[in-house]
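Thanks for making the time this morning. I would like to walk through one chain with you, beginning with a pair of packed helices and then widening the view.

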Amino acid sequence: MSSTSRPQGEDTPWAESPEQDWDNLLPAVSQEAATNAPEARRSSDERKASEEQGAAGIRRDAAAAGREGHRGNGLLEPAGHGETTRQNKAQAQRGTEARATAARDAAIEDRPRALGLRRALITIAVPLATLMLGVRAIATPAFLWLEYHRPGFPKDSFGFSTDDRMTYGSYGLEYVLNTAPSRYLGDLTTPDGQSIFTPAEVSHMTDVKHVMLWALVGVVLFCLVALVGMKGLRRRAPGAIRKSIFWGAWLTLVVLVVLGIFGALGWQALFTGFHEVFFSGGNWAFRESDSLIRLFPEQFWVDAAVGIAIFGVVVSAVLLISTWPTAYRRQRALKAAHDRQEIRDRLSR
């Protein structure tokens with residue numbers, strides 16, 4: 001290999017050996033490069049590590065800043081939140097499974113609780129509601145007008161005209177049904193200033209008001225209990241509600257027939273017994289000249305009883321027609337029961 005000469009000078013490395021060859025310098029250069037290579041690699045690795053550490057530090061700072069931002073917004077999850085969340089999810093899943101198991105067992109059992117009691121409540125509620133509605137239909141100015149204007153109704157022999165009866169009788173009915181104090185009747189006077197009702201009459205009408213109020217509240221509460229008892233029966237006991245209403249309509253007719261027999265055999269005894277039960281104070285007997293007798297004579301109460309009976313018969317007839325166990329209704333109930341049984345069989349497998 002030919003050598004290449006370089007210019008010589010006092011400061012050049014070839015001054016002492018002008019004929020020195022580059023090939024003779026290669027081993028020394030290679031050895032120096034080999035010696036310096038690990039140090040260069042270490043420097044490069046250190047620079048990379050430093051850069052990575054710097055990047056990681058930047059990421060940590062950014063994450064810390066994000067957490068601080070979430071903490072400021074109330075969104076930072078506390079330590080151990082992940083474990084708590086998993087436990088809550090596990091508990092929720094176990095609760096769901098328990099509810100599903102309970103629902104499955106209930107579907108397999110599929111028999112409403114206290115079915116007989118619930119059906120009895122519905123049956124008894126029918127005559128109670130029917131009679132209360134009948135009483136409320138009678139206690140109206142419309143029925144009063146029909147009574148005072150119908151042929152054969154006794155006239156007042158003490159001077160009340162038909163218009164007077166309508167006016168004062170309407171006051172009496174309204175007092176029984178409203179929440180006014182006793183002076184609503186006590187302050188009622190004729191054009192010449194005489195009181196229409198005596199204190200004894202006002203006291204009796206107040207007792208009637210209380211009886212009507214408590215009877216209405218009791219019937220309403222009983223009917224509400226019966227309505228609550230209907231919950232789920234249409235689906236889980238097909239035909240139970242219809243049968244209960246059907247027998248309730250028959251029970252209403254039986255009650256009306258029994259009361260009609262007692263009234264026909266001894267109206268006065270029935271009327272007296274009713275007042276002795278509900279007005280045991282004894283302030284229900286008045287003279288014929290008292291306003292209550294003049295406005296509401298005995299014939300009025302007989303007609304009122306007949307009107308309540310007619311109302312009850314009509315309502316019972318409607319209920320019987322609506323719930324009569326026809327072949328179609330029986331078949332529909334049997335089909336619903338069969339479908340429920342199939343579901344129970346599938347769930348029990």
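In this predicted model, please look at helix α10, residues 267–278, and helix α12, residues 298–323, whose axes come within 12 Å of each other and cross at roughly 90°. With that crossing angle, α10 is roughly perpendicular to α12. On the α10 side the contact is made by Trp267, Gln268 and Phe271, and on the α12 side by Glu298, Trp301, Val302 and Ala305. Sorted by class, the residues in this contact are 5 nonpolar, 1 polar and 1 charged.

Let me turn to the interior. In soluble globular proteins, nonpolar side chains tend to be buried together. Here the largest nonpolar core has 26 residues, and those with the most contacts inside it are Leu144, Tyr148, Phe197, Leu295 and Phe296. The elements giving two or more residues to this core are α4 (141–149), α5 (162–177), α7 (199–229), α11 (291–295) and, once more, α12, with α5 giving the most, namely 5 residues.

Which residues does Phe197 touch, if we leave aside those up to four places away in sequence? They are Tyr168, Leu185, Leu188, Val202, Ser291, Leu292 and Leu295. There is also a second, separate core of 12 residues, which includes Leu115, Leu121, Val219 and Ala226.

Two of those names, Leu115 and Leu121, bring us to helix α3, where both are buried. This helix covers residues 115–138, 24 residues in all, and it reaches 35 Å from its first C-alpha to its last, which is close to the 34 Å expected at 1.5 Å a residue. Other buried positions in α3 include Arg118, Thr123, Pro127, Thr130, Gly134 and Ile138, and the buried residues of this helix pack against α4, α7, α8 (233–236), α9 (240–265) and α12.

Staying with α9, I would point you to Arg242, which is found in that helix. Is Arg242 buried or exposed? Its relative accessible area is 13%, so it counts as buried, and beyond its sequence neighbours up to four places away it touches Thr323, Trp324, Pro325 and Arg329.

Finally, for the chain as a whole, the secondary structure comes to 13 helices and 0 strands, while buried residues make up 25% of its 349 residues. Among contacts between residues at least 6 apart in sequence, 71% join residues at least 24 apart.

Methods:
Residues are numbered from 1 along each chain as its sequence is written. This is a predicted model: local features need pLDDT of at least 70, side-chain atom pairs count only at pLDDT 80 or more; totals for chains, interfaces and linings use all residues. Side-chain values use heavy atoms; hydrogens and water are left out. Axes are lines fitted to C-alpha atoms, for helices over the stretch in contact, and angles run from 0 to 180 degrees between N-to-C directions. Helices (H or I, at least four residues) and strands (E, at least two) are DSSP runs, numbered from the N terminus. Angles under 35 degrees count as roughly parallel, over 145 as roughly antiparallel, 65 to 115 as roughly perpendicular and the rest as oblique. Contact means heavy atoms within 4.5 Å. Ala, Val, Leu, Ile, Met, Phe, Trp, Tyr, Cys and Pro count as nonpolar, Asp, Glu, Lys and Arg as charged, and the others, Gly among them, as polar. A nonpolar core is a set of buried Ala, Val, Leu, Ile, Met, Phe, Trp, Tyr and Cys residues joined through side-chain atoms within 4.5 Å. Buried means under 20% relative accessible area, exposed over 50%, partly exposed in between (1.4 Å probe, protein chains only). The expected span of a helix is 1.5 Å times one less than its number of residues.
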